[in-house]
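Thanks for coming. I will go through one structure today, starting with a single chain and then turning to what it touches.

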Amino acid sequence: MSEYISEKNNITKKDFIKCFWLGFLMQANFTYAKMQGVGFCIAIQHILRKIWTNDEDYKHALQRHLAPFNMTVAPSPLIMGISIAMEEQAKEDYPDYDYEAINAVKVSLMGPLSGVGDAFFWGIIKLLASGLALGFAQNGNPIAPFVLLAVFNIPNFLTRWYTLKIGYERGQSFLGELEQSGKLQLLTYCAGILGMVSAGCMIAMWCSINCPLTFTVNDAEFVIQDTLDEIFPCLLPLVFVLFGYNLIKKGMSSGKITLILALVGFVLGMFKLVG
Amino acid sequence: MSIVQMVLLALACAFCRMEGGWFGECKFRQPIVTSFFVGLILGDVPNALKIGAQFEMIWMGVAGIGPVAHLDVTTGGFLGTVIALQSGQGFEAAMLFALPVSMLMQFLESFSNSAFGYFDVKIDNDVEHGVFTKIKSTFLFAAVLRVVLEFTVVLVFLLASNAISQALSNGFPAWLENGLGGAGKLLSAYGFAMLLAIMMDKELIPFFIIGYTLAAFTGRAYNMIGIGAIGLALAWIYFLIADKLGGGKAVAAADDGWED
């Protein structure tokens, strides 16, 4: 296998590996102004220099990629790969290339790609990583953080490397096809299915809210929670999660919701209705 | 807590807080991981992890996306665990301290996100004037400055924490402990509510019901992996059917909650 990924611009596999690692830094100075824009630029800067040997062209290329940029980080190398491919194309067609198209493609891909990325990384992988580690952590088992990091990062690293590769090799056509055929939405939706099944399972398993109140009737102890469990196990977690969900849907700020729930919980807890 | 331990803790906390920037969100920020560091430095890993597990649950749904507000769960969980171990009062005490910290630190984050825009302007100017080599160094300088800022703020919190732990270590009256316990329970429900808010779509409700009842009514006969596998199978089946029916165009309901 040749060390050169792109012979005509002298871009080597090493350059791509550098791009892969620099990509991790994308949010090191996240700002409201450019968001991940500068981070994106430095990840591909060395490759842009190789493509554009003329200072003036290089400057314009840098300015293109210093534009504001923001998306789920894990699949962001896909757009880096696509950008590199487009810059190469731009040089080949020089000077007849619609440079605007480069940023247009970046912006148009940010949204849908973040959609799929969030569905997988926040909805499934993070959930799975936390969920699996929780069981260990609750028993004080020191393996817990390693489980969490491994479960999350193996897909994270693989996604970063392969999206960079696919982005460069298959370019926009790949995502364009996926999006036009509706497969991208379908994939996001299916990730949602798995996410919701996991969320339902996690609420029942990990959100333990009980009613510790007991009565003594004719010397027989009467535990409210036992009765609840007979009718509908894990009912209280569901009730309070849906209560919190409704508050969120009402558009209340998280500070306000935290305060309300903390107060309600405090009062209920004081009277041993919840614990 | 010795001064060496405090410096180590502040370093570890700054490290965990900054992974989102420096290591591309590899989840060192999660309370299960941060509490492990606290445990290592303070010499009680098992108890630190038990506290961390509870923070993990409260903040299960905190994500940097969608309609959900951001909270600095890293610093909050980290310092909360420190307080819990120091005072010997467990999760209730930790939470009392961690909640305001997580909100305060988010203000610091918002402030930094605006203030550090200064460096973006500087980089633009440099490039405009043909200085191309300074982009990375300016960017990294700003990034290091943010770590130092985080480190300093956490160290100040830690210096104050001895006094706080001292005050808490006398213990709570029963009503206060019950009340804090109840508040903690409801806040963990909020964590899961945030998770739902990220993903919820009316059409997905049946799948939520499947996951919930499988876990609730089988008395833990399944674990996460088992139910996750069922979820995967359902998603797979749906994909196959929708794909055969017309390339997924049937899925009209684009889920805006996912958008960043």
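**Chain B and its contact with chain A**

Chain B has 10 helices and 0 strands. Keep in mind that this is a predicted model. Written out along the sequence, the pattern of chain B is α-α-α-α-α-α-α-α-α-α.

Now the overall dimensions. The C-alpha trace of chain B spans about 65 × 65 × 25 Å along its principal axes. Of the 260 residues in chain B, 51% are buried. If we take the contacts in chain B with a separation of 6 or more, 67% of them are between residues 24 or more positions apart.

Next, the domains. Chain B is divided into domain 1, covering 3–115 + 147–200, and domain 2, covering 201–252. The C-alpha centres of these two domains of chain B lie 33 Å apart.

One helix of domain 1 is worth a closer look. How many of the residues of H4(B) are buried? The count is 15 of 15, so to speak of H4(B) as mostly covered is fair by the 20-neighbour cut-off: a residue is buried if 20 or more other C-beta atoms lie within 10 Å of its own. The length of helix H4 of chain B, residues 73–87, can also be checked: at 1.5 Å a residue, its 15 residues should span 21 Å, because the expected span uses one less than the number of residues. The end C-alpha atoms of H4(B) are 21 Å apart, which agrees. Just after H4(B) comes B:Gly88, with a positive phi of about 70°.

Now to the other chain. In chain B, 100 residues are in contact with 104 residues of chain A. Which element of chain B gives the largest share of that side? It is helix H8 of chain B, residues 174–199, with 21 residues. By class, the side of chain B that touches chain A has 65 nonpolar, 20 polar and 15 charged residues.

That leads to the core. The largest nonpolar core has 168 residues, and those that touch the most other members are A:Cys201, A:Val241, B:Phe192, B:Ala193 and B:Leu196. Helix H5 of chain A, residues 100–138, supplies the largest share of this core, 17 residues.

Let me finish with B:Phe192. Neighbours within four places in sequence aside, B:Phe192 is in contact with A:Met202, A:Ile203, A:Cys207 and A:Val241 in chain A, and with B:Met60 and B:Gly61 in chain B. A:Val241 is thus on both lists: a contact of B:Phe192, and among the core residues that touch the most other members.

Note on methods
Residues numbered from 1 in each chain as written. Chains lettered and ligands numbered in written order. Predicted model: local features only at pLDDT ≥ 70, side-chain atom pairs only at ≥ 80, totals over all residues. Contact = placed C-beta atoms within 7 Å. Helix = DSSP H or I, 4+ residues; strand = E, 2+ residues; numbered from the N terminus. Nonpolar A, V, L, I, M, F, W, Y, C, P; charged D, E, K, R; others polar. Buried ≥ 20, exposed ≤ 12 C-beta atoms within 10 Å, placed from the backbone. Domains from an automatic or database assignment. Core = buried A, V, L, I, M, F, W, Y, C linked by C-beta atoms within 7 Å.
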